[in-house]
Amino acid sequence: MIKLDDIVASYTTIRGQVNAVDGVSLDIPRGHIVGVAGESGCGKTTLLKVLYGDLGFPLSLKRGTVRYGFRDGDGKEVTSSNIKEFWFRRISYVPQGSMSSLNPVVRIRKQFTDFRGRGESERGVLERVREYIRSLDLPPEALDAYPHQLSGGMRQRIMIAMATFFQPDIILADEPTTALDVVVQKGILLLLKELQERMGNTIIIVSHDMGVHYQIAHKVLVMYAAKAVEFGDSVVVFESALHPYTKMLIESLPTIGDDQRRQGVVGRPPSLWEDLQGCRFAPRCPLATELCRTKEPPLRELQPGHWVACHYADDGL
Amino acid sequence: MEMSFRLKVGIVILAVFALSSLILPLVAHEDPSEQGSYPKNLPMSLEHPLGTNSMGQDIFWFLVFAVRNSLMLGAAVSACTTIISLVIGLAAGYTGGWVERLIMLLVDSLITIPSFPILIVLGTLVRGKTSFLAIWAILVVFGWAWNARMVRSMALSIREREFISTARFSGSGTLRILVKEVFPYVYAYMVVGFINSILYAINTEAALAVIGLSKLETPTLGTMVFWALSYNAMFIGQYAWIIAPVVATILLFLGLFLTSTGYNELFSSRRGRA
Amino acid sequence: MKTILRAQHLSKTYGLGGLFRRAKINALDDVNLNVESDQPVVVSLVGESGSGKTTFAKVVLRLVEPSAGRVVVFDQPVAGKGVKPDKREFLSIVQPIFQNPFEAFSSYRNVDSYLMETAIQVNGLKQAEAVEVVADALASVGLKYEDVKGKYYNQFSGGELQRISVARALIPHPNVVIADEPVSMIDASLRMNVINLFLSLKEEFRISFLYITHDLATAYYVSDHVAVLYRGNVVEFGPARLVLTDPRHPYTRLLLDSIPLTNRKWESKQIVLADIETKEYQLEGCKFRNRCPYAREICGRQRPPLVKLEDGREVYCHMVAGHF
């Protein structure tokens, strides 16, 4: 289990501090593909950064810890404070834009061998890398190229290969396929799925595209206005969501072959700069009552494995 | 309007210079450029706050007039170069096509041709007897090209932005778009450009004066340094004579810089800046 | 019967590279489309990046000149050699909605000033009448004038800004609105507000839409007709329901197979990798042949012919033509 305990992460700006993640407590089971869904400003990217331990100014973890469920060499439990030591080995990160993460003047293969272990020759590592690339059905020639010589989709696959080479326990992917063509996107998502099946590790994918979550995620976490509002098996969430936001979001999505009339959600998410009371979705929720406006609903496990933050969620059961 | 500290400091400095340039010359009793008004090389005292120089001039009053003349020249040059570079830069950047290429040919030539050697050659031809007007003209001719290039590249990038199309489909013509859409984006940079041009003008005039290629009888920051060097102010102990104009230039520069950057900050925080 | 949109042999070629290495990209390559109707329609132009759909929009909006061919919108020629429609007339027939709602308005101006400008400059109204027209336009998109007046772009959400853009586009009573990826930068939950708005405006004001997108799901929802573009060519065109549920062209099939839907899991794992290079723009024959599982020798030699199916569709494919 990856345990998140009351995570509050804030950004320091000229205007002051804003909590991009505002009190998220959750247990994420290992060995699954977990999708983090939500719209602009919900905090999903920030949550991913917290999980990765990438906390540098202006982002800071104001409160809470992450416990990853494994221990370091000294037997100490690994938390967000020391997760950095395990980058690439036990936890890795696939960023959104691969071009900015690859050194443009260095061939791809050099970027792999840059982080080899002790006692391993560069040749040895390269051999293993080539084998690995081949096993992913990627052309080994790609290793000898410079980043700009490869297409965006190929680069992203290389990034994924790099992130998974040391078979880390946890892989974090931040919108790995946004800005890529739909056909290329499918290939990359299926690659991730295959890797997870092979290695049995945990992949946490952030995406604003609900279709991505439907297709490859086992579990889905829905975030809204810096809070976690629903978490459960993706099939369950998509077919019978319990939180009004999730329900309305999913119902608003048109699909091919389905002629049902769709409606968007009214209004817009609240500004995180304001002092927010009660349920943050209340202003837009058709079920909202005075209770919702004053008391914030906690994230509770309504059904086994299905968590919802809503006062009236069990009415829908 | 909340002004940052930096902006306030900048404005204060400029205000001091501006006011001293406006008011003090009116109360001066002697023409400070007249030589021999006072005994030579007097040290600093109440009567002569910075002492006198080897030509019998009061250094303080000379400085006051020098600052005034430099500022006036700088502002005059800058006003002209700013307007020229704005018009030409916008015309080139927004119109495109052969008009742009022709203009940029001219602009790039002016930028790449080394102006300083040319100025020196010109200077030797006129040998320190030029009028201020001539100096102003020369500075303008060599001063507008760089800013024009800057304006043009901004116009080029703004031309591609979506709101230009919105304005077009709202029925606006090219001139209206230039004024209402492009100009506001260019404006903040033009203020900076204006201030940089003042500095360019003052510095260039000073540099020319220091090598003797300006109207040497007129007090400017540059001519002051020229004379101070000619008379070896450092060696004869009249430090104020050389240090004062240098310090004044630095302070003036500082004032202009702080004002321009402070203003830029203010301007961008006021509106919904993209 | 009006010609809502007609493109004839429309081509646009861009040159790449510097002085010596001038590669050419055919952003649009002999595109032919014809939509005639006496009712307002929504025509979608779908394709991936590099398909030419955005170039098509720019040509129709006269932001870019075509290298060859003509375009007619609502019986009016709008693009082509020597075509120079009267500015005011053009603006009353065609109006745009752009992709990025946060860039549609200058950050130095009130958003409503653009609406006022449109009413005054295109409709020729005086100030007082313009205010009324602007208020009405905003009302038709579900916004109140008082809520918009005097505000800057950063005081609205993406969905609201897009609706304000729509309101502005409505003021000259256009016949066709060109919407270039109008909802791709809006949050998913707010998209349908804008899409449904298009549908209601189509009914209420009898406006046709050219909806340009890479999102097939919204294209399915909103369109009457769909044209699928690939590397500057139309590959399939016809009634939206047909094309998107029973595609005939291999590329359309590949596209539909690849979108992450929310009601049906992916079946096939077979993907064909694409290397996006400029070469594919200049291929002889069918541009899709390197990625097409059905490609034969003829696909590399000859341009795929137009095949008109009984259900009214047009497909450009050798296999569908029965050439092998």
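**Chain B and its neighbours: a group meeting talk**

Let me begin with chain B, where, among the contacts between residues at least 6 apart in sequence, 71% join residues at least 24 apart. Please keep in mind throughout that what we are looking at is a predicted model, so I will be careful with my wording.

Staying with the whole of chain B for a moment, its secondary structure comes to 10 helices and zero strands, and from the N terminus on the elements therefore read as α-α-α-α-α-α-α-α-α-α. The C-alpha atoms of this chain fill a box of roughly 75 × 50 × 30 Å along the principal axes, and of the 274 residues in chain B, 40% are buried.

Now I would like to go to one pair of helices in this chain. How do the axes of α2(B), residues 59-95, and α8(B) cross, and within what distance do they come? They come within 7 Å and cross at roughly 140°, and the crossing is right-handed. Among the residues that make this contact are B:Leu73, B:Val77, B:Leu86 and B:Tyr94 on the α2(B) side, and B:Val182, B:Phe194, B:Ile198 and B:Glu205 on the α8(B) side. If we sort the contact of these two helices by class, we find 13 nonpolar residues, eight polar residues and one charged residue.

The helix α8(B) also comes up when we turn to α7(B), which covers residues 162-169 of chain B and whose buried residues are B:Phe163, B:Thr166, B:Ala167, B:Arg168 and B:Phe169. What covers these buried residues? The cover includes α8 of chain B, residues 174-210, but also parts of another chain, namely α2 (87-93), β6 (94-97) and α3 (111-121) of chain C. Just after α7(B), you can find B:Gly171, which takes a positive phi of about 100°.

That brings us to how the chains meet. Two pairs of chains touch, and of these the pair with the most contacts is A and C. Chain A and chain B, on the other hand, are joined by no contact, and their closest C-alpha atoms lie 11 Å apart.

Between chains A and C, 33 residues of chain A are in contact with 36 residues of chain C. On the chain A side, α5 (182-199), α6 (210-216) and α8 (244-251) each supply at least two residues, and the largest share, six residues, comes from α5(A). Sorted by class, this side of chain A has 15 nonpolar, 11 polar and seven charged residues.

Let me stay with chain A, because the helix α5(A) will return in a second setting, where it again supplies the largest share of a contacting side, this time between domains. Chain A is divided into domain 1, which takes in 2-90 + 168-316, and domain 2, which takes in 96-167. Taken over C-alpha atoms, the centres of these two domains are separated by 29 Å, and the contact between them takes 16 residues from domain 1 and 12 residues from domain 2. On the domain 1 side, β7 (170-174) and α5 of chain A each supply at least two residues, and α5(A) gives the largest share with seven residues. By class, this side of domain 1 divides into 11 nonpolar, two polar and three charged residues.

I will finish with a few details of the backbone. In chain A, the peptide bond from A:Phe57 to A:Pro58 is cis, with omega near 5°, and A:Pro58 is found in the loop between α1 (44-52) and β4 (59-71).

Then there are two residues other than glycine with a positive phi, A:Ala226 with a value near 70° and C:Arg206 with a value near 55°. A:Ala226 has its place in the loop between β9 (219-224) and β10 (227-233) of chain A, while C:Arg206 is in the loop between α7 (188-205) and β8 (208-213) of chain C.

Why does A:Ala226 count as buried? The reason is that A:Ala226 has 27 C-beta neighbours inside 10 Å, and a residue is called buried at 20 or more. C:Arg206, by contrast, counts as exposed because it has 11 such neighbours inside 10 Å, and the limit for exposed is 12 or fewer.

Definitions and conventions. Residues are numbered from 1 along each chain as its sequence is written. Chains are lettered from A and ligands numbered from 1 in the order in which they are written. This is a predicted model: local features need pLDDT of at least 70, side-chain atom pairs count only at pLDDT 80 or more; totals for chains, interfaces and linings use all residues. Helices (H or I, at least four residues) and strands (E, at least two) are DSSP runs, numbered from the N terminus. Two residues are in contact if their C-beta atoms, placed from the backbone, lie within 7 Å. Axes are lines fitted to C-alpha atoms, for helices over the stretch in contact, and angles run from 0 to 180 degrees between N-to-C directions. A crossing is left-handed if the near helix is turned anticlockwise from the far one by less than a right angle, and right-handed if clockwise. Ala, Val, Leu, Ile, Met, Phe, Trp, Tyr, Cys and Pro count as nonpolar, Asp, Glu, Lys and Arg as charged, and the others, Gly among them, as polar. Domain bounds come from an automatic or database domain assignment.
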